[in-house]
Amino acid sequence: MIVKLLHDKGLRSEHAYTVACLTIGLSVASWATSMKVEPTGIDRADRWGIFVATWPATWFGLGLALAQYEGAQDLAEDLHQEM
């Protein structure tokens with residue numbers, strides 16, 4: 001239901017995969033920025049990096065769900081055209 005809604009709104013599996021890859025880079029960037037900017041040291045930087053590093057798994061999972069939905073849609077269209 002959620003996957004269908006997101007697909008209907010224009011989100012595709014490629015978009016989710018792209019965001020997942022970007023969040024990996026964002027995790028490294030947030031860690032490095034926190035190391036340089038915040039005076040609290042490496043502990044806080046590690047927490048920021050780990051917090052952001054949890055996002056790619058969600059986006060990859062959403063990408064897989066969207067890919068399955070798109071595959072089912074393509075199969076349904078193919079079957080409909082054959083009739």
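How many positive and how many negative side chains does the chain have, and how far apart do the centres of the two sets lie? Let me start there. We've got 6 positive and 10 negative side chains, and the centres of the two sets are 14 Å apart. Before I go on, please keep in mind that this is a predicted model.

Okay, the overall fold. There are four helices in the chain and zero strands. So as you walk along the sequence, what you read is α-α-α-α.

Now the shape. If you took 83 residues and made a compact globule, you'd expect a radius of gyration near 12 Å, but this chain comes in at 18 Å. Put a box around the C-alpha atoms, along the principal axes, and you get roughly 65 × 20 × 15 Å.

What about the surface? The chain exposes about 6100 Å², and 68% of that is supplied by carbon and sulfur atoms. On the inside, 20% of the 83 residues count as buried. And on contacts: take those with a separation of 6 or more, and 74% of them are between residues 24 or more positions apart.

Let's zoom in on helix α1, residues 2-8, which holds both K4 and D8. In general, side chains of opposite charge can pair when their charged atoms come close. Here, K4 and D8 form a salt bridge, with N to O at 2.8 Å. The two sit four residues apart, which is about one turn of the helix. The count for salt bridges comes to one. And is K4 buried or exposed? Partly exposed, actually, because its relative accessible area is 43%, between the cut-offs of 20% and 50%.

Same neighbourhood in the sequence: L6 is in helix α1 too. L6 has a relative accessibility of 25%, so L6 counts as partly exposed. Setting aside neighbours within four places in sequence, L6 touches L11 and L62. Also have a look at Y69: Y69 is 63 residues away from L6 along the chain, yet their C-alpha atoms are separated by 11 Å.

Last stop, T23, which you'll find in helix α2, residues 13-37. Why does T23 count as buried? Because its relative accessible area is 7%, and the cut-off is under 20%. Which residues is T23 in contact with, once you leave aside its neighbours within four places in sequence? That would be V52, W55, P56 and W59.

That's my tour, and I'm happy to take questions.

Note on methods: Residues numbered from 1 in each chain as written. Predicted model: local features only at pLDDT ≥ 70, side-chain atom pairs only at ≥ 80, totals over all residues. Heavy atoms only, no water. Rg over C-alpha atoms; globule rule 2.2 N^0.38 Å. Buried < 20%, exposed > 50% of the residue type's maximum accessible area, 1.4 Å probe, protein only. Contact = heavy atoms within 4.5 Å. Areas by Shrake-Rupley, 256 points an atom, 1.4 Å probe, with all protein chains shown as cover. Lys, Arg positive; Asp, Glu negative; His and termini not counted. Charge placed at Lys NZ, Arg CZ, Asp CG, Glu CD. Salt bridge = Lys/Arg side-chain N within 4 Å of Asp/Glu carboxyl O.
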